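Here is a friendly tour of a predicted model, written for someone who likes backbone angles and strand pairings. Have the viewer open as you read.

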Amino acid sequence: MKPYISSKAELHGKVLEGAVILGPSKIGSESLVDNGAIVGYPSRQKLLSLLGRDKGVLRIDELDSISSGALIGEGCIVRSGCILYEDVKLGNRIELGHNVLIRSGSNVGEYSRIGSGTQLDGAVQVGRDVNIQSQVYLPHLTEVEERVFLGPCVRVTNDLYPLSRRLVKTVIERGAVIGCGAVILAGVVVGEDAVVAAGAVVTRDVQPRAVVAGIPAKQISTREEYEERKKAYEAGERPTSPR
Amino acid sequence: MKPYISSKAELHGKVLEGAVILGPSKIGSESLVDNGAIVGYPSRQKLLSLLGRDKGVLRIDELDSISSGALIGEGCIVRSGCILYEDVKLGNRIELGHNVLIRSGSNVGEYSRIGSGTQLDGAVQVGRDVNIQSQVYLPHLTEVEERVFLGPCVRVTNDLYPLSRRLVKTVIERGAVIGCGAVILAGVVVGEDAVVAAGAVVTRDVQPRAVVAGIPAKQISTREEYEERKKAYEAGERPTSPR
Amino acid sequence: MKPYISSKAELHGKVLEGAVILGPSKIGSESLVDNGAIVGYPSRQKLLSLLGRDKGVLRIDELDSISSGALIGEGCIVRSGCILYEDVKLGNRIELGHNVLIRSGSNVGEYSRIGSGTQLDGAVQVGRDVNIQSQVYLPHLTEVEERVFLGPCVRVTNDLYPLSRRLVKTVIERGAVIGCGAVILAGVVVGEDAVVAAGAVVTRDVQPRAVVAGIPAKQISTREEYEERKKAYEAGERPTSPR
């Protein structure tokens, strides 16, 4: 087993056997790209250009030749099975779990983490110090600001009336906390430091520092109360639900 | 890195290095099977037959020899990490994301798309022009008719009282739209052109052209109203929730 | 394509070409480790130790040298794309789907099954005869007792006020049934033989033999009634919802 490393790539870190680095990708120092990860995967249009009438084996060289590469900063970990499309940019000190999919145009800020099986399925902007857990789904146009927490299986949408001809941006502002399995509908702004309870379906904007829950989500509390309960919880009180 | 292409396979399209094509699979012209995809994976019973008392390395030849193959039409894209079991049939012009799992007995109609991480976990029938987003779960016996839209993370079930001895069919009729993260319980029929809101749990049949929402899902509107709002939304009105 | 089998590993079963077996892992007799599966993946701390200032290709030998291995019993199937971290222990006769992720410290009891794309994301204890469906998420500290059924996309959490400094254990007691897409909040105990309906969000302990549904989940029935309805359902009655 050998990695495939494009002759156009700049490698300052480490690449495990079995990794595939395409196009003019850059891997920063002290970074690791794991077995079976693909960096610089060509976007759909380019892939389609390879589908002519001839048949047979397509060499990775050919994918390489059409890839514009991805940028990975310093001190990053890209675990096995991750697929980073071309025109993806990871800042420094970012850690990805296994099988993370990040599509073209996405940027991830430094010190952020993204859990296994999560998808950034289009051009998604993620700030610094963001904690994204496993199996999260963020579509094209999503913006996640700094210090946000997205629990496991959080899902965001970008089309309010699918299949419409209009995709809209959904924004999770800085410091917000989104509980496990919550759904945030297209076009919603979740305000700064707001909290969305696990399993909520958020259909309207959430005010800064509000805590919302339910389907459709309604305000049940404030961030101040959340932080008080959190303190008691951290001090070892028997866990009780936020609601 | 070289692909594994069964000597029994018929290859009219292209196969990337690292792909595995087992048994008498057929890959149509202008189709692409990507790095790390497996086509014609043997069903459970056959796999078990390989587990004798001897030990050591099992060659892919041996998987190949027991596979009955899968059929992929013309102009299809099967991206990296996809696993198509034997006795799967994809029509023409179908596009799969990454890591899509399709088990034996499934058929997918032409022009349909299936997003990354989605599972057709048994014999699942998918019509033509169907749009299935990422991380969707469709169990054995599910039927999805033509022109259906399944949002990200939609889940269907096939056993109303698990673990029972009776699996039942769930049907999503033509033109229906199922919102992100909705759950459709076993045995339900979602009628033609019906709409299920994001996050809904559908426990009863949905009438054609009804819009349902909530847990358990109840009718809140009609497809006609949905289409009117959609028109306003497409025209650029500030997004508001369907409810 | 050749598998990588550590010289420290004990192989009593079969390993497919393309599998990676690291460290002093043991694979029991009549077990199969499939193409592209990784057994004995090093934990985060060890992986970080490999990230020095030098650059270039990291050989799988080096991952192998730091792995403490994983244990797989007899008659197990570990399908393609599965990642078993070091210090994972699978009992006998366990079957995993594709792309299952199991992190260090997890134990799985004999005869249990885990569906494709499911994650045991930390030290998770799973008893015997447990049936875990696809795309399930179980975080660090989760305990799942014997004979439990977890439907597709069930999610458990371990932090009631993320991001707090306190992770707590969530327990699903023996014989419980958790429906598709349900969310169980951190610290909850789901009692013996309890049933959680599909799509429920469980915020408080569930009494043994209670059936709960909704957001937040409330008791709607008993296991006795559930079993009666199940019997009628198995006898072929038109499926009706549990509620």
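## Unusual phi values

A:Arg209 is found in the loop between strand 29 (201–202) and strand 30 of chain A. Its phi is near 65°, a positive value in a residue other than glycine. Most residues other than glycine have a negative phi. Is A:Arg209 buried or partly exposed? With 19 other C-beta atoms within 10 Å, A:Arg209 counts as partly exposed, because burial requires 20 or more such neighbours.

Chain C offers another case: C:Cys153 also has a positive phi, near 65°. This cysteine sits in the loop between strand 22 (149–150) and strand 23 of chain C. C:Cys153 has 32 other C-beta atoms within 10 Å, so it is buried.

## Cis peptide bonds

Now for omega. Most peptide bonds are trans. The bond from A:Ile215 to A:Pro216, however, is cis, with omega near -10°. To find A:Pro216, look in the loop that runs between strand 30 (210–213) and strand 31 (218–222) of chain A.

In chain C, C:Pro162 and C:Leu163 are joined by a cis peptide bond with an omega of about -15°. Here the proline comes before the bond, as the pair is C:Pro162 to C:Leu163. C:Leu163 belongs to the loop between strand 23 (155–156) and strand 24 (171–172) of chain C.

## Strand 30 of chain B and its partners

In a regular strand the side chains alternate between the two faces of the sheet. Strand 30 of chain B, residues 210–213, is covered on both faces. B:Ala210 and B:Val212 are buried on one side, and B:Val211 and B:Ala213 are buried on the other.

Which strands pair with this one? Strand 28 (residues 195–196) of chain B pairs with strand 30 of chain B in the parallel sense, over 2 bridges, and B:Val196 stands opposite B:Val212 there. Strand 31 (residues 218–222) of chain B pairs with strand 30 of chain B in the antiparallel sense, over 4 bridges. In that pairing B:Val211 faces B:Ser221. Strands 30 and 31 of chain B form a hairpin with 4 residues between them, and B:Gly214 in the turn has a positive phi of about 95°.

## Two domains in chain A

The domain assignment splits chain A into domain 1 (1–121) and domain 2 (130–243). Their C-alpha centres lie 29 Å apart. Each domain of chain A brings 12 residues to the contact between them.

On the domain 1 side of chain A, the elements that give two or more residues are strand 16 (113–114) and strand 17 (119–121) of chain A. Strand 17 of chain A supplies the largest share, 3 residues. How do the residues on this side of domain 1 of chain A divide by character? They comprise 2 nonpolar, 8 polar and 2 charged residues.

## Copies and confidence

Chain A superposes on chain B after a rotation of 120° with 0.0 Å of shift along its axis, at an RMSD of 0.0 Å. The two copies are therefore related as by a three-fold rotation axis. They use different surfaces, since 12% of the contact residues of chain A recur in chain B.

As for confidence, the mean pLDDT of chain A is 95, and 98% of its residues reach 70 or more. For the complex, the predictor gives an ipTM of 0.96 and a pTM of 0.97.

Key:
Residues are numbered from 1 along each chain as its sequence is written. Chains are lettered from A and ligands numbered from 1 in the order in which they are written. This is a predicted model: local features need pLDDT of at least 70, side-chain atom pairs count only at pLDDT 80 or more; totals for chains, interfaces and linings use all residues. A residue is buried if 20 or more other C-beta atoms lie within 10 Å of its own, exposed if 12 or fewer, and partly exposed in between; C-beta atoms are placed from the backbone. Two strands pair if DSSP finds at least two bridges between them. pLDDT is the predictor's confidence in each residue, from 0 to 100. Copies are superposed by least squares on the C-alpha atoms of residues with pLDDT of at least 70 in both. Two residues are in contact if their C-beta atoms, placed from the backbone, lie within 7 Å. Domain bounds come from an automatic or database domain assignment. Ala, Val, Leu, Ile, Met, Phe, Trp, Tyr, Cys and Pro count as nonpolar, Asp, Glu, Lys and Arg as charged, and the others, Gly among them, as polar.
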